[in-house]
Amino acid sequence: MLDRFLFGRVDRISPEAPVPVLRFEREERRLGGAANVAANVRALGGRPMLAGVIGADEWGAMLRADLAAAGIEAALIVDAGRPTTCKVRLATSRNQQVARVDYESDDAIDGAARQALLDACRGALPGAGALVISDYLKGAISAPLFSALVAAARAGRIPIVADPKTPDPSLYRGATVLTPNHHEAERMSRQRIRTDDDARDAARVIQEAAGVESVVITRGEQGMWLLDGAAGSRAEHALPAMAREVSDVTGAGDTVVAALALGLAAGLTLLEAAGLANRAAGVVVGKFGAATATIDEITRSGSR
């Protein structure tokens, strides 16, 4: 995805309708979606290889250019029948969002694009330390594609971190770690989550229904709940939120999966990797829009 921001000043209400008039001042572009995951891996010192689907349009060209500028290697499959997902946000100079326009299609990608995406992922797996599968319900991730990716990663003993969006947990069967946020976990478990006990029960339901090893539920200001099922055991932990100041939670989940996967690739335990991810998320929610965290920022946040 491409995130595009149009910043300006609001001084009046439109005479045509009861909406603010944004006087344009500047524009910013940022990597979004799975590209933001890759950007976070890069910022944390890892070497990401991004695979995804774009359209044959100006947004796709911009995304390619921005990935190259960020030093991120990418295999972008072009599907001329769909637009590159682009979210255009109108915001004031004080970072207050006024409106958002989404250019996207959530239709499933066709067979040729799906095979090309699978081939690109398989080609990148040898030598990889972890596989992140980021599902945004835009049509790229299907059950057959997910199953094929899981099989290829498991054959290479590569941990799989899956960031879900669909309420059907069975789609993510075989992942090493599933990372739903609070609302996604409620939908997947069909349970309300208000307390640590609720989070524990939901994580257990999701683990069994999805057939995954471990579950990390991100709970915003409530921190994280971790169910570590490595080696058939069950260790459960509540991790408190690390944010000092919350500005914008956009993309925080991308930061979590990036840091979690990078930690596992480096040989950390799931609890250690989740602690790193928790601190990284505490850094990015203090920034506007989809953002990244560096090791230096995480280190400094822990010394405050």
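## A walk through the helices, loops and cysteines

Start by selecting Arg-157, which sits in the loop between helix 4 (143-155) and strand 8 (160-163). Keep in mind throughout that this is a predicted model. Look at the backbone here: Arg-157 has a positive phi of about 55 degrees, although it is not a glycine. For context, most residues other than glycine have a negative phi. Now switch on a surface. Arg-157 counts as exposed, at 79% relative accessibility.

**A second positive phi**

Next, select Arg-190. You will find Arg-190 in the loop between helix 5 and helix 6. What is the sign of phi at Arg-190? The value is positive, near 60 degrees, in a residue other than glycine. With a relative accessible area of 79%, Arg-190 is exposed.

**Helix 5 and helix 6**

You are now beside a helix pair, so stay here and colour helix 5 (residues 182-189) and helix 6 (residues 196-210). Their axes are 9 Å apart, and the two helices pack at an angle of about 60 degrees. That angle makes helix 5 oblique to helix 6. The crossing of helix 5 past helix 6 is left-handed. To see where they touch, show side chains for Ala-185, Met-188 and Ser-189 in helix 5, which meet Ala-202, Val-205 and Ile-206 in helix 6. Sorted by class, this contact of helix 5 with helix 6 has five nonpolar residues, one polar and no charged ones.

**Thr-218 in strand 10**

From helix 5, move to Thr-218, a residue of strand 10 (residues 214-218). Thr-218 counts as buried, at 15% relative accessibility. Leaving aside neighbours within four places in sequence, Thr-218 is in contact with Pro-180, Asn-181, His-182, Gly-223, Met-224 and Val-256. Two of these names link to other stops: helix 5 covers residues 182-189, and helix 7 covers residues 252-265. If you would like a long view across the model, draw a distance from Thr-218 to Glu-28: the C-alpha atoms are 28 Å apart in space, and the residues are 190 apart in sequence.

**Helix 1 and helix 7**

Now bring up helix 1 (residues 34-43) together with helix 7 (residues 252-265). These two pack at an angle of about 50 degrees, with their axes 8 Å apart. Helix 1 is therefore oblique to helix 7. Which hand does the crossing of helix 1 past helix 7 have? The crossing is right-handed. On the helix 1 side, the contact is made by Asn-36, Val-37, Asn-40 and Val-41; on the helix 7 side, by Asp-254, Thr-255, Val-257, Ala-258 and Leu-262. The classes in this contact of helix 1 with helix 7 are five nonpolar, three polar and one charged.

**Helix 3 and helix 4**

For the next pair, select helix 3 (residues 111-124) along with helix 4. Their axes come within 10 Å and cross at roughly 15 degrees. Angles under 35 degrees count as roughly parallel, so helix 3 and helix 4 are roughly parallel to each other. Helix 3 passes helix 4 in a right-handed crossing. Display Arg-114, Leu-117, Leu-118, Cys-121 and Arg-122 of helix 3 against Leu-145, Ala-148, Leu-149 and Ala-152 of helix 4 to see the contact. The residues of this contact of helix 3 with helix 4 divide into seven nonpolar, no polar and two charged.

**Two cysteines**

Cys-121 deserves a closer look while it is on screen. Cys-121 is buried, with a relative accessible area of 15%. Select Cys-86 too: this residue is also buried, at 1%. How many disulfides does a search of the whole structure find? The search finds zero.

**Thr-85 and Lys-138**

One place back from Cys-86 is the last stop. Thr-85 lies in the loop between strand 4 (73-78) and strand 5 (86-92), and is buried, with a relative accessible area of 12%. Not counting residues up to four places away in sequence, Thr-85 touches Met-1, Leu-2, Tyr-103, Glu-104 and Lys-138.

Finish on Lys-138, in the loop between strand 7 (131-134) and helix 4. Beyond four places in sequence, Lys-138 touches Met-1, Arg-82, Thr-85, Glu-104, Ser-105, Asp-106 and Asp-107. For a parting distance, pick Lys-138 and Phe-24: their C-alpha atoms are separated by 30 Å, with the two positions 114 residues apart along the chain.

Note on methods:
Residues numbered from 1 in each chain as written. Predicted model: local features only at pLDDT ≥ 70, side-chain atom pairs only at ≥ 80, totals over all residues. Heavy atoms only, no water. Axes fitted to C-alpha atoms, helices over the stretch in contact; angles between N-to-C directions. Helix = DSSP H or I, 4+ residues; strand = E, 2+ residues; numbered from the N terminus. Parallel < 35°, antiparallel > 145°, perpendicular 65-115°, else oblique. Left-handed = near helix turned anticlockwise from the far one by under 90°. Contact = heavy atoms within 4.5 Å. Nonpolar A, V, L, I, M, F, W, Y, C, P; charged D, E, K, R; others polar. Disulfide = S-S within 2.5 Å. Buried < 20%, exposed > 50% of the residue type's maximum accessible area, 1.4 Å probe, protein only.
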